[in-house]
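Let's walk through a structure together, one feature at a time. Have the sequence and the 3D view open as you read.

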Amino acid sequence: MSRNSRYLESRARELFDESVEHIDGPTRSRLTQARYAALAELDRRRFRVGAWLPVGALAAAAVLAVALWSGPGAGLRSSPVFAAAPADLELLTVGEDLDMLGEDAEFYAWAAGNSSG
Amino acid sequence: MASVSLGIALPAIGAFGRETDGETSGLEQSKALERFLAGVERRAFRIARIAVRNDDDALDIVQDAMIHLARSYGARPTEEWKPLFYRILNNGIRDFMRRRRVRSRIMAWWPGGGSGAAENFDPIEAAPDPGGGPRELLESAEALQVLEAGLAALPGRQREAFMLRVLEGLDVADTAIAMGCSEGSVKTHYFRAVQALKGRLGER
């Protein structure tokens, strides 16, 4: 690069820097306002993201719950344990005397011993 | 506009009102952005002012660029802000100039609406003439006016390359990002800008 080009560059930079230093007060003030407007925009954006985060977490939890209830977990309800549950409930609700269970306690103990053996 | 992906840092949720790392980094991010904008706003204004030759328009363009940077790239690493900011600013200037050209063409068709004076305006001719060659011109009391007029007369891409490289001090790689072109193109535009400026200042 020639000496003239280097001079042009350095002088241009010098003149530009001087002009930046001499920007008038009202313009500086408007630039400051513009900067605050930009920072407010950044805060608004962060707030929007932050505000939606709990909502997203709740939605994800709800989706997970629905998936567990109606998805692969649905097979649990057809398992013997879940199938026996209504029968047990019925036994408790028919109002029959449960003392009968105590009368044949020895028989049940014997039956349990035999079935496990 | 480059398709720079939008990275948004998700703030952590504070437990029991405790200040979390996310909130701290959010505050630091705000402070970093404020420092950055405070450092570039006046230079950006001068660059826009040289291009559009109007204070209010230049201020609007700078404000839009600041808001765009905060909204779209505020979460990006701070070292990326400068080229991104100048890219947004240059796009803003280019859009403004395009709109102004269209407006002046429409006005030229309007009866009595325009004489084409704005299009034919030559800032070099309009600048005061202290006489002498480029060196004398740049040392004169009107040196800044002469320089601004010379820059305003350059084709847009050449002006961008010169301003970013010389006035803003960006390196070739960052200038390429800011201009949205290859480093080779930056070098070409820059070389032509210097030659054109020297030629125009010397022609007077």
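**Reading the two chains**

A: Let's start with surface: chain A exposes about 8500 Å², and carbon and sulfur atoms supply 64% of it. Accessible areas come from the Shrake-Rupley method with a 1.4 Å probe, and for residues only the protein chains shown count as cover. Bear in mind that this is a predicted model, where local features need pLDDT of at least 70, side-chain atom pairs count only at pLDDT 80 or more, and totals for chains, interfaces and linings use all residues. Residues are numbered from 1 along each chain as its sequence is written, chains are lettered from A and ligands numbered from 1 in the order in which they are written, and side-chain values use heavy atoms, with hydrogens and water left out.

Q: How much does chain B expose, and what share do carbon and sulfur atoms supply?

A: Chain B exposes about 10300 Å², with 51% of that supplied by carbon and sulfur atoms.

Q: How many helices and strands does each chain have?

A: Helices (H or I, at least four residues) and strands (E, at least two) are DSSP runs, numbered from the N terminus. Chain A comes to five helices and zero strands, while chain B has 10 helices and zero strands.

Q: What percentage of each chain counts as buried?

A: Buried means under 20% relative accessible area, exposed means over 50%, and partly exposed is in between (1.4 Å probe, protein chains only). In chain A, 18% of the 117 residues count as buried; in chain B it's 42% of 204.

Q: Which helix is largely enclosed by the rest of the structure?

A: Take a look at α7 of chain B, residues 143-153: eight of its 11 residues are buried, so this helix is largely enclosed by the rest of the structure. Among those buried residues are Val146(B), Leu147(B), Glu148(B) and Leu151(B).

Q: What do contacts tell me about chain B?

A: Contact means heavy atoms within 4.5 Å. If you take the contacts in chain B between residues at least 6 apart in sequence, 62% of them join residues at least 24 apart.

Q: Which residues does Phe96(B) touch?

A: Leaving out residues up to four places away in sequence, Phe96(B) touches Val52(B), Asp57(B) and Ile61(B). Phe96(B) sits in helix α3 of chain B and counts as buried because its relative accessibility is 9%. Its partner Val52(B) is 44 residues apart from Phe96(B) in sequence, yet the two are 8.0 Å apart in space, C-alpha to C-alpha.

Q: Where is Arg53(B), and what is its phi near?

A: Arg53(B) is in the loop between α1 and α2 of chain B. Its phi is near 60°, a positive value in a residue other than glycine. At 36% relative accessibility, Arg53(B) counts as partly exposed.

Q: Which residues of chain B does Arg13(A) touch?

A: Not counting residues up to four places away in sequence, Arg13(A) touches Val166(B) and Leu167(B). You'll find Arg13(A) in helix α1 of chain A, residues 3-21, and it is partly exposed, with a relative accessible area of 34%.

Q: How many cavities of 30 Å³ or more does a search of the whole structure find?

A: Rolling a probe the size of a water molecule over the atoms shows where empty space is left. On a 1 Å grid over the protein atoms alone, a cavity is a set of points where a 1.4 Å probe fits but cannot get out, and a pocket is an open set with protein on both sides within 12 Å along at least five of seven lines; lining residues have an atom within 4 Å of a point. Grid points are joined across faces, edges and corners, and a volume is the space filled by probe spheres set on the points. Here the search finds two cavities of 30 Å³ or more, and the second largest has a volume of about 60 Å³.

Q: Which element gives the largest share of the lining of that second largest cavity?

A: That would be α8(B), with five residues. The lining includes Ile47(B), Asn90(B), Arg159(B) and Met163(B).

Q: How much space lies in the second largest pocket?

A: About 260 Å³. Of the 14 residues lining this pocket, the closest to its centre include Asp64(B), Ile88(B) and Asp95(B). Helix α2(B) gives the most to the lining, with seven residues.
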